[in-house]
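Here are a few exercises to work through with the coordinates open. Try each task before you read its solution.

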Amino acid sequence: LVMADSAEPSAEPTVGPTSNNNASSGDDAPSQIPTQAPTQAPTQIPTKAPTQDPTQAPTRTIIPIECPPFPSNNVDRAVRQVYSSSSPSSAATNEGGFVKFQVENSNDLCMLWRVVDTATTTTASSVTTNNDNVAKRRVPVGRSYDGNDWEFYSTTTANSILDCDGTCSITLPADSTYELVSIRYSTLSQTNQMMRFLEQVTFGPTRNELNFITQSTNTIPQYLSQQMHEDETPPTYHRAFFRQYLNHRKIITTSDSAPSHPCSAGTRYRKYSFSDKDGKRYIQIQTHQDEDNNDRKFIYVLDGRNQRAYETGLRTILPYSEIYEKGSGVLIPDGRYRLCQNNIRNNVDGSGFTIRTLTQNKCIKIADANNREIKNPAVMYTASTADPRPLIQLRSDDAKSTDEQFYDDDNPQEIILTTDLVASQRCPGSIPSITNVPRTYEVVALYQNEYYIHDPRWNVHTNTLQNPDTNYGTIMNDAMSSIGQNGRQTLCSNVAMNFINQDHCVLAENDGDNDNIQACPATDDEHFVA
């Protein structure tokens, strides 16, 4: 019996597998001791020679597209087509309706354009004509400049993807042609450089500013210094611009302001019976005889809250003896209805003119006996019907047409007074100084043999540094009291004191309980009346 030598375990792990001295062969073999954890995957033994079988798909190396080089130093623009649905580029692939490609950053200015027909979009920076004489628009998609990563424009579609990590990968809808355009902007002239500077620092350069800054004796610091001195460059204000072009309808007098007066220059009249401000107002449909003794449908406007008697607001006369619900042909009887809240188009025969039946509480369109829809009717007024509202006779030179670009035909649909009828003493004496209190107070004008209804706008009161207002509150309160509206108290025209107007604040004139307050003018050159 031969005993094996006993040995102590080694302190360090062996480099190779433990030899098995009892193996039948002379070769060493790894021990059969199991590992403590299973292997994650079978061991991949490399082959000693290339495989003979082809791969299932060809290996694709994506080569980034370079922005087109300039053919010569005298050329400032170069164009390269990236993708076209009719002839796809090898550098850009169409995968599932999307074109994918990589593009390198540009040290100059490189822009990616989407080329579409003029009928496809209205947003573009340039328009060209191809060989087929079809106008094309190039819409900016992205850009890279000064070696920066690519960035998208706001005109890029929502399903576009930009991923930049050294080289940028771009995914775009494959429904258009795409071009890369290199632009050499370093050769801009001094005028163009100054124009670019003014576009960055102003709300829009003017010719005078451009001429000033491009003079040889002037520099950008001199221009900025000129802008900072009020004596050299008087400030302009957004608030003054807003007030000058404010054109919002105001149909009722409130404690802070009154609508434009029917006889003041700048106020407006309209030909269409109902505007978008008439939504949800009550109307009365009533059958009367016109001047030729024919039965006609008269439409009156009632007070929105109290539903006052319909005789206070004749708005139009429909040339029909009977009207029907469009589609069903059900006869619409005389009675009280309510305009639906749908958006009424502000023009004669405009859509959205629907009425709500108070019994069935549903909105319906009205039609004539032939089921033709009756849309927003024109204002119609007749002296044979009792109506307490004053009628202003306008001469041809008292008003002019306005906003004709918004109407296809039947112009004018809106007019603006060019004559102050109060100053010329031609304003009817029955019209108070403060109108549209209550809401049903309306004025009708006859202009060039057509009827118009007063369409009041905001009456913006002047309160400037040069002409601070001191008593508008008192004027408004006295006028409101004269027509029995004592509960509507108007505060004085006071704005917050600041470093611009503090030297122009004055003591407000008789203003009731506010005798000792300061009236501070607004901080701009506002000047407009309606």
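**Exercise 1.** Decide whether Asn371 is buried, partly exposed or exposed, then describe its surroundings.

*Solution.* Start with the accessibility: Asn371 has 35% relative accessibility, so Asn371 is partly exposed. The classes are buried under 20% relative accessible area, exposed over 50% and partly exposed in between, with a 1.4 Å probe and protein chains only. Before going on, note that this is a predicted model, in which local features need pLDDT of at least 70 and side-chain atom pairs count only at pLDDT 80 or more, while totals for chains, interfaces and linings use all residues. Residues are numbered from 1 along each chain as its sequence is written, and side-chain values use heavy atoms, with hydrogens and water left out.

Next, place the residue: Asn371 belongs to the loop between strand 19 (366-367) and strand 20 (391-394). Strands here are DSSP runs of E, at least two residues, numbered from the N terminus. Then list the contacts (heavy atoms within 4.5 Å): leaving out residues up to four places away in sequence, Asn371 touches Lys326 and Gly327. Finally, take the C-alpha distance to Ser328: 8.9 Å in space, across 43 residues in sequence.

**Exercise 2.** Find how many aromatic pairs there are, and classify Phe274 with Phe353 and Phe298 with Tyr300.

*Solution.* First, set the rule: rings of Phe, Tyr and Trp (its six-membered ring) pair if their centres lie within 6.5 Å; planes under 30 degrees apart are stacked, over 60 edge-to-face, and the rest tilted. The count is four aromatic pairs. For Phe274 and Phe353, the centres are 5.3 Å apart and the planes at 15 degrees, so this pair is stacked. The two rings link distant parts of the chain, 79 residues apart: Phe274 is in the loop between strand 11 (268-270) and strand 12 (282-289), and Phe353 in the loop between strand 16 (335-339) and strand 17 (355-357). Both Phe274 and Phe353 are buried.

For Phe298 and Tyr300, the values are 6.4 Å and 25 degrees, so this pair is stacked too. Phe298 and Tyr300 are both buried.

**Exercise 3.** Which rings do Arg184 and Lys250 lie over?

*Solution.* Apply the test: NZ of Lys or CZ of Arg must be within 6 Å of the ring centre and within 35 degrees of the ring normal. Arg184 lies over the face of Phe70, 4.0 Å from the ring centre. The charged end of Lys250 sits over the ring of Trp458, at 4.3 Å from its centre.

Note on methods. Helix = DSSP H or I, 4+ residues; strand = E, 2+ residues; numbered from the N terminus.
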